[in-house]
Amino acid sequence: MISPYVRRLRLAAEIRQLRAKSGVTADQMAKRIGRSRADISRLENGHTVDQADVIKVLDVLGVDGDQWTEILTIAREASEKGWWESYKTMGDRQALSANLEAGASSIRQYQQTFVPGLLQIPEFVHAQIAATETLEPLSGTDQGVLAGRSGRQRMLRRPGGPTLEVIMDELAVHRLAAPPDVVRKQFYHLATVVNSEPMITLWVLPVHARIKHFTVPRCTFSIYTYPDPGDPDVVAIDTVTSDLILTDSDQVTPYDRLYGRLWDAARSPEESLDLLAKAADGLSGA
């Protein structure tokens with residue numbers, strides 16, 4: 001599997017670098033291939049992919065041989081449709097998550113307030129949908145969101161799927177994000193999955209943890225890494241209404257460093273599962 005989104009970003013970077021190296025301006029490129037300056041901008045920013053345009057660009061730049069084949073392969077993969085395209089009602093944000101997860105070799109998440117979506121049970125998903133709808137209209141449908149979540153969870157467990165490492169803030173354990181009975185069931189499920197799936201690891205970050213240099217996290221974020229070293233690492237930052245995507249190494253590196261410091265300060269997997277079990281037991285009479 002591949003992530004067409006990440007391949008578009010890779011293609012954009014390759015084209016920008018080749019054009020800059022050749023000394024051809026974006027305006028000159030647009031004139032030479034018979035397209036507008038805006039078309040070149042969209043291609044070089046990863047917004048669109050037209051394989052015919054890519055071939056023309058490579059011809060102008062004198063690219064041939066193995067490099068030509070590699071870039072055209074990237075362009076073809078960037079144009080592919082993922083399984084999420086069949087679930088239009090899963091919501092735009094979830095479709096982007098599914099795209100980023102496709103082809104990833106590792107996913108590292110810091111979850112500040114919720115159980116990670118890839119490990120949520122249907123009842124918890126429904127509770128989150130209901131909460132979201134009190135703030136803004138849902139971009140998909142209830143059943144579409146649930147189907148999308150189920151599809152993402154299946155893809156996580158695919159042969160050759162990614163490792164999933166989650167640092168879950170203790171705040172997300174104690175502050176209820178769903179009715180108590182749902183949270184209790186969710187925690188038991190979380191403990192079961194983590195114990196049975198070797199590709200999934202969970203750490204809980206204590207509220208009183210001393211983080212190196214006191215670099216406390218400001219938001220929930222995910223870091224995606226891909227097997228092709230030419231593909232960029234991607235950071236997705238969770239906000240109330242959208243996801244902010246970072247791919248430049250100077251922007252990704254601080255999140256990588258922060259994740260490492262949170263990992264150092266978190267409880268061990270065994271202690272984390274014990275904390276979840278105790279929290280679930282504490283909700284038994286709620």
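Contact here means heavy atoms within 4.5 Å. By that criterion, and leaving aside neighbours within four places in sequence, Ile237 is in contact with Cys219, Thr220, Phe221, Ser242, Asp243, Leu244, Leu246 and Tyr255. The model is predicted.

## Overall build

The chain has 12 helices and six strands. Its C-alpha atoms fill a box of roughly 70 × 45 × 35 Å along the principal axes. The chain counts 286 residues, and 48% of them are buried. Among contacts between residues at least 6 apart in sequence, 75% join residues at least 24 apart. About 14,300 Å² of the chain is exposed, and carbon and sulfur atoms supply 51% of that area.

## Charges and salt bridges

The chain carries 32 positive and 37 negative side chains. The centres of the two sets lie 3 Å apart. Side chains of opposite charge can pair when their charged atoms come close. The structure holds 21 salt bridges. Three of them are listed below, with the N to O distance of each pair.

| Pair | Closest N to O distance |
|---|---|
| Asp231 and Arg7 | 2.6 Å |
| Glu101 and Arg152 | 2.6 Å |
| Arg157 and Glu197 | 3.4 Å |

Take the salt bridge between Asp231 and Arg7. This pair links distant parts of the chain, 224 residues apart. Asp231 sits in the loop between strand S4 (221-225) and strand S5 (234-238), while Arg7 belongs to helix H1 (residues 4-22). Both Asp231 and Arg7 are buried.

Next comes the salt bridge between Glu101 and Arg152. Its partners are 51 residues apart, with Glu101 in helix H6 and Arg152 in helix H8 (residues 142-156). Glu101 counts as buried because its relative accessibility is 7%, under the 20% cut-off. Arg152, at 8% relative accessibility, also counts as buried.

The third salt bridge joins Arg157 and Glu197. Arg157 lies in the loop between H8 and S2, and Glu197 in the loop between helix H10 (180-196) and strand S3 (200-205), so the pair ties together parts that are 40 residues apart in sequence. Arg157 counts as partly exposed, at 36% relative accessibility. Glu197 is partly exposed too, with a relative accessible area of 25%.

Salt bridges that share partners also build a network. The network joins Arg7, Arg10, Glu14, Glu70, Glu77, Asp228 and Asp231.

## Glu101 in its surroundings

Glu101 is found in helix H6, which spans residues 92-101. Beyond its neighbours within four places in sequence, Glu101 is in contact with Ile107, Leu118, Arg152, Arg158 and Tyr224. Arg152 in that list is also the salt-bridge partner of Glu101. Glu101 and Thr225 are 124 residues apart in sequence, yet their C-alpha atoms are 9.2 Å apart in space.

## Asp169: buried without a salt bridge

Asp169 is found in strand S2 (residues 163-169). Asp169 is buried but has no salt bridge. The nearest side chain of opposite charge, Arg175, is 8.8 Å away. A salt bridge needs a side-chain nitrogen of Lys or Arg within 4 Å of a carboxyl oxygen, so Arg175 does not qualify as a partner.

What does the side chain of Asp169 make a polar contact with? The partner is the side chain of Tyr110, at 2.5 Å. Outside its neighbours within four places in sequence, Asp169 is in contact with Tyr110, Gln111, Gln112 and Leu205.

## Arg19 in helix H1

Arg19 lies in helix H1. Its relative accessible area is 15%, so Arg19 is buried. A polar contact of 2.6 Å joins the side chains of Arg19 and Glu44. A polar atom of the Arg19 side chain also lies 2.9 Å from the backbone oxygen of Val24. Leaving aside neighbours within four places in sequence, Arg19 is in contact with Val24, Thr25, Ala26, Met29, Glu44 and Leu61.

## Back to Ile237

Ile237 is found in strand S5. Is Ile237 buried or exposed? Ile237 is buried, with a relative accessible area of 7%. Ile237 and Ser36 are 201 residues apart in sequence and 33 Å apart in space, C-alpha to C-alpha.

Key. Residues are numbered from 1 along each chain as its sequence is written. This is a predicted model: local features need pLDDT of at least 70, side-chain atom pairs count only at pLDDT 80 or more; totals for chains, interfaces and linings use all residues. Side-chain values use heavy atoms; hydrogens and water are left out. Helices (H or I, at least four residues) and strands (E, at least two) are DSSP runs, numbered from the N terminus. Buried means under 20% relative accessible area, exposed over 50%, partly exposed in between (1.4 Å probe, protein chains only). Lys and Arg count as positive and Asp and Glu as negative; His and the chain ends are not counted. A polar contact is a pair of N or O atoms within 3.5 Å; within protein, one must be able to donate a hydrogen and the other to accept it, and residues adjacent in sequence count only if both atoms are side-chain atoms. Accessible areas come from the Shrake-Rupley method with a 1.4 Å probe; for residues, only the protein chains shown count as cover. The place of a charge is taken as NZ of Lys, CZ of Arg, CG of Asp or CD of Glu.
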